[in-house]
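Subject: The structure we talked about

Hello,

Here is the structure I promised to pass on to you. My notes on what turned up in it follow below.

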Amino acid sequence: MASSPCGNGNFDSGLEIKTRSVEQTLIPLVSQITTLINHKDKPKKSERTLAAIHRVGQAVSLAVGRFVAVGEAIAAENQELKDEMGHACFEARRAGDAIAQLTDVGSALPSQSDGRVTVFSDRTGMVKAARLLLSSVTKVLVLADRIVIKQIITSRNKVLVTLDHLERVSTFQEFVQIFSQFGNEMVEFAHLTGDRQNDLKDEKKKARMAAARAVLEKCTMMLLTASKTCLRHPDCESARINKDAVFHRMRCALEQVIEIVTEARSCGENRILPASIYNGIKDFKSSVECLRENLYSLSPQSVGSQLEVLVERTEDFTDSAYTSHEQRQAILSLCQLARQDTQQLMHAWIEAQSVHAKEATEDMEVVILKTCQSVSDLRRELHKAAVGRASDLLKVHGEQLPLRALKAAGAEGNLEAVAEYSRTLTEQKEQLVETCRLLCHVSGTEPLEITCIHAEETFHVIGPQIISAAQTLALHPSSKIAKENLEVFCEAWESQLCDMALLLREINDVFEGRRDNHKNSLFPGDKRPYLSLPRPGKHSANLKTAKAVKLDAEEQTSIAKLGLELRLLSSDVDTEVEKWEEQEHDIVRQSQSLASMAYNMYLFTRGEGLLKTTLDLFHQAEVLSEEGLQMCSSLRTFSTQLVDEEKSVVMTEMEKLVALCQQLQMGAKTPVQGKTATFQKVPILHVDSSIQTTRGILTVVISLLPFCNKLNKKYKSERSSLGSPHDWKERQNASTPVKEEEALNSKNSNGFGVKSLEQHVAGLNLLESK
């Protein structure tokens, strides 16, 4: 169970805050109640201070009343929540009234002994009322959150019904009509699940949600072309197989989303992930290092068994036909060295136990260090092998030779050639699947493990789908729809290769300590458009696939100079980000994401990386612009805690960032709109403009990062000191009672944060009423 925001542990059993919005909504409430409880306990209070306390108490009571009214309205519209919500609202109202009564000191002087119970005479009562208010408000929010889950389930059900209709259509006219409805329903589902993904606190759930939504994004376009192909060639078995596979995968992805949001037992997040070598090494080192403190918590045999299990997992590397002889020998040698060091450790350990030593001896300390070093060396070698193979495969597959050959053979109606190149693609698929499995072993975080598994499953599924699409084209070589269908599946394969390159960089960053070991920048909580679902107008029955083009040598040279500066700026962003203590901060994660995408654009200017065409570049630019706008949202939230002058600086820079992101977004969309842009080469001007604008975005981010870092440290320090009455007093000027009044009446108090609580629940209620 998640700990309560105020650390008092008095929340209802089983009440867990699982989303950031609920958690962040409670923070101002906790902060301001803490301020009230920790007021200066001086023998004399000024009239202004007493009046301020009275006004705050009344404001809380009124705000809680409005908040409760919203909660009761939600309860009235949702009968299944009526009893629970009603009880939580009653408790919140009772706590608000108690706080109002305890702060009713406007006309009472502390020196008077009229028997009135106030915040000054009943500190315990105030603490109890505050805890009750926090608990009941949290309960209302968590119950209201169930409505969001209900919306997602309802949206999924609508999609499933329409999906069933799509699968059974028999005419183009019927298909066009139903697919239009399906597109609108998918857009709604995309928005709901994207917001939910962004809101989840659990990084593993975020990664699983992102993987499921990535499947839905790619499958939506596949569903369109596969269905059209099946309608045009109803007696073609390969076309039917191709279409059925797409529908099945979409249903599985939809079910996975629901399992995540409802936390069903069958949810993949609850299934045990494949045992990775990284986790095995981490656990083994932890067991060995614990011996420094306690020689008797484990048995020598258990540690020895732990190592053997770890060594057994390395067989995925050593038994692979694709592992070089040198790498296999290096891994086996390091496994043997780890065994020897562990055996020495066990001897020293048993000897220390025999003399009843209370802590590790000097001999044991030496062997502990050797053992940890040997398994670390093993991890480094395994990382080198997995990442090296992945890099080599991406270089080889970057040319897409089997895909080109399949397209050509299919267009010629050459079934024999299709069969031959299908065997080549199948072999490449097996290599990629195995490589993803090895990357999973060394990924370093559970979210990245999930991403590796998603990549493995995607290659495993799309490979056969490309082959069935190629077979269909070979049987009907003059069919434009069959050709378009094969193109879509090949693009999905290429897109997954691009995602794999990003995954590879992320794994390297974690290994080298450049990323938080609990985060995943590929599938972050913030919405990543290249993993989101289709947007309105992007899919229709008459959609043409935009033709991607490459830059020629002269054009490549003209933008190379721009790219160099982009690379330097992305490095500067990484440098500033590393200075933040709070690596989980939204601004940090979004800055890292912007830098990563800008680096991909830099590689494009050099003719490297997996952004091969101008279409790839513009898609990346659009993704970057939306991530920048998401960062603007985070900056706006961050600025609410700042004073006027600080807030003005942040907002000014944020406005610059908004303008640049919108400019980049428009520029990225312009080249690929309309029939002319679909078939003509994109002018170099658009590429130049996109890179120039991206450079401007990074420049603003670099100026914001150190300033926001400084402010974040400042306000974080102030918030942490609120927990100590002594420290709070030290920071105040004891001779100036107005200071306390200012704290109570601060513009950041927001009625103890209740106003923002009202807005949160009102937003949920508004969504439910739509």
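The side chain of Ser443 comes to 3.1 Å from the backbone oxygen of Cys440. Please keep in mind that this is a predicted model. Ser443 sits in the loop that runs between α14 (415-442) and α15 (446-475), and its relative accessible area is 0%, so Ser443 is buried. Leaving aside residues up to four places away in sequence, Ser443 touches Leu448, Glu449, Cys452, Ile507 and Val510.

Two helices are worth a look while you are there. In α15, Thr445 caps the N-terminal end, with a side-chain oxygen 3.0 Å from the backbone nitrogen of Leu448. Leu448 is also one of the residues that Ser443 touches. The 30 residues of α15 should span 44 Å at 1.5 Å a residue, and the end C-alpha atoms are indeed 44 Å apart, so the two values agree. Of those 30 residues, 23 are buried, which is why α15 counts as largely enclosed by the rest of the structure.

Helix α16 (residues 480-511) has 32 residues, and its first and last C-alpha atoms lie 47 Å apart, close to the 46 Å expected at 1.5 Å a residue. Because 23 of the 32 residues of α16 are buried, this helix too is largely enclosed by the rest of the structure. Just after α16 comes Gly513, with a positive phi of about 80°.

Now the overall picture. The protein has 25 helices and zero strands. Of its 770 residues, 53% count as buried. The accessible surface comes to about 34,500 Å², and carbon and sulfur atoms account for 51% of that. Among contacts between residues at least 6 apart in sequence, 81% join residues that are at least 24 apart.

Leu295 is an example of a residue in contact with a distant stretch of the sequence. Leu295 lies in the loop between α8 (277-289) and α9, and at 0% relative accessibility it counts as buried. The C-alpha atoms of Leu295 and Ala360 are separated by 6.8 Å, although these residues are 65 apart along the chain. Not counting residues up to four places away in sequence, Leu295 touches Trp349, Ala352, Gln353, Ala357, Lys358, Glu359, Ala360 and Met364.

On to the charged pairs. How many salt bridges does a search of the whole structure find? The search finds 27. Here are some that I looked at:

- Arg93 and Glu72 meet through their side chains in a salt bridge (3.3 Å, N to O). This pair links distant parts of the chain, 21 residues apart, with Arg93 in helix α3 (residues 82-102) and Glu72 in helix α2 (residues 47-77). Arg93 has 33% relative accessibility and so counts as partly exposed, and Glu72, at 37%, counts as partly exposed as well.
- Glu308 and Arg339 form a salt bridge at 3.0 Å, N to O. The pair also joins distant parts of the chain: Glu308 belongs to helix α9 (residues 300-313) and Arg339 to helix α11 (residues 325-354), 31 residues apart. Glu308 is partly exposed, with a relative accessible area of 36%, and Arg339 is partly exposed at 30%.
- Glu430 and Lys429 have side chains that meet in a salt bridge of 3.1 Å, N to O. Glu430 counts as partly exposed at 36% relative accessibility, whereas Lys429 counts as buried at 8%.
- Asp164, Glu167 and Arg251 are joined into one network by salt bridges that share partners.

Last, the cysteines. How many disulfides are there? The count comes to zero. Take Cys632: the closest cysteine sulfur belongs to Cys661 and lies 5.2 Å from the sulfur of Cys632, which is too far for a bond, since a disulfide needs the two sulfur atoms within 2.5 Å. Cys632 is buried, with a relative accessible area of 2%. Cys89 is buried too, with a relative accessible area of 1%.

Those are my notes. Do write back with any questions.

Best wishes

Technical notes: Residues are numbered from 1 along each chain as its sequence is written. This is a predicted model: local features need pLDDT of at least 70, side-chain atom pairs count only at pLDDT 80 or more; totals for chains, interfaces and linings use all residues. Side-chain values use heavy atoms; hydrogens and water are left out. Helices (H or I, at least four residues) and strands (E, at least two) are DSSP runs, numbered from the N terminus. Buried means under 20% relative accessible area, exposed over 50%, partly exposed in between (1.4 Å probe, protein chains only). A polar contact is a pair of N or O atoms within 3.5 Å; within protein, one must be able to donate a hydrogen and the other to accept it, and residues adjacent in sequence count only if both atoms are side-chain atoms. Contact means heavy atoms within 4.5 Å. Accessible areas come from the Shrake-Rupley method with a 1.4 Å probe; for residues, only the protein chains shown count as cover. The expected span of a helix is 1.5 Å times one less than its number of residues. A salt bridge is a side-chain nitrogen of Lys or Arg within 4 Å of a carboxyl oxygen of Asp or Glu.
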